[in-house]
Amino acid sequence: MSYSPPPRARSGPRRRTLLASLAGAAALLTGCSAGTGPAERAASAATRARARAARDSADLLARYDAVLDAHPALADRLSPLRAAVAAHRHAFGGTPDDRADQTQKGAKVGKSPSPVPTASADRKEALTSLASAERTVADRRAAALLEVPGELARLMASVSAAGSAHAYLLTEAAK
């Protein structure tokens, strides 16, 4: 009877182990080199949220101006609310010329600028439309609170509450 030697024990790792290790290392390196860690994503989300909030406030200001142009008798009632919206725009980093800047930037990157709002000739409809716009923006800001860091979240919560109060006051004025 012939005796066969035992199978030779391999020294070092097996081929499958090496391939799995290389695949894992490649995944780790790819994940690390993407350059967008949690801090960078949070900062860019905050920047986008702040810019959106400033644009929303600028759009609300344009709506207030349209209603004031169509109904000058409402100036005593709307001027304090409009001043608060202007302060909100400033708090979010907006400038007095940001509507013009948006139009120019929109033309460069292919986005269409926000249309200039017009107000209804009917006083009640104009106030109701303005209240609806305030409510929509306040709701959008409240929904964004979970996506932004602390200080910006507090600012957005405060401005959202003010927008809800504006919507209430405008709804009552429309009655």
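Two residues are said to be in contact here when they have heavy atoms within 4.5 Å of each other. The structure is a predicted model, in which local features need pLDDT of at least 70 and side-chain atom pairs count only at pLDDT 80 or more, while totals for chains, interfaces and linings use all residues. Residues are numbered from 1 along each chain as its sequence is written, and side-chain values use heavy atoms, with hydrogens and water left out.

The chain holds 6 helices and 0 strands, where helices (H or I, at least four residues) and strands (E, at least two) are DSSP runs numbered from the N terminus. Of its 175 residues, 29% count as buried, a word that stands for under 20% relative accessible area, with exposed meaning over 50% and partly exposed lying in between (1.4 Å probe, protein chains only). Among the contacts in the chain with a separation of 6 or more, 75% are accounted for by residues 24 or more positions apart.

A good place to begin is the pairing of H5 and H6. The axes of these two helices come within 8 Å and cross at roughly 160°, the axes being lines fitted to C-alpha atoms, for helices over the stretch in contact, with angles that run from 0 to 180 degrees between N-to-C directions. H5 and H6 are therefore roughly antiparallel to each other, since angles over 145 degrees count as roughly antiparallel, under 35 as roughly parallel, 65 to 115 as roughly perpendicular and the rest as oblique. Residues of H5 that include Leu127, Leu130, Ala131 and Glu134 meet residues of H6 that include Val159, Gly163, His166 and Leu170. The residues of this contact of H5 with H6 divide into 11 nonpolar, 6 polar and 5 charged; Ala, Val, Leu, Ile, Met, Phe, Trp, Tyr, Cys and Pro count as nonpolar, Asp, Glu, Lys and Arg as charged, and the others, Gly among them, as polar.

Helix H3 (residues 75-91) also packs against H6, with axes that come within 11 Å and cross at roughly 160°. That angle makes H3 roughly antiparallel to H6. On the H3 side the contact includes Leu81, Ala84, Val85 and His88, and on the H6 side it includes Ala162, His166 and Leu169. By class, the contact of H3 with H6 has 11 nonpolar, 2 polar and 1 charged residues.

His166 takes part in the contact of H6 with H5 and in that of H6 with H3. His166 lies in helix H6 (residues 150-174) and is buried, with a relative accessible area of 7%. Leaving aside residues up to four places away in sequence, His166 touches Tyr64, Leu81, Ala84, Val85, His88 and Glu134.

Tyr64 leads on to the nonpolar cores, each a set of buried Ala, Val, Leu, Ile, Met, Phe, Trp, Tyr and Cys residues joined through side-chain atoms within 4.5 Å. In the largest nonpolar core, which has 18 residues, Tyr64, Val67, Leu78, Leu127, Leu130 and Leu170 touch the most other members. Helix H2 (38-70), H3, helix H5 (123-143) and H6 each supply at least two residues of this core, and its largest share, 6 residues, comes from H5. Apart from this core lies another, of 11 residues, among them Ala53, Phe92, Met156 and Val159.

Helix H2 also contains Ala54, which is buried, with a relative accessible area of 7%. Ala54 and Val85 are 31 residues apart in sequence and 9.8 Å apart in space, C-alpha to C-alpha.
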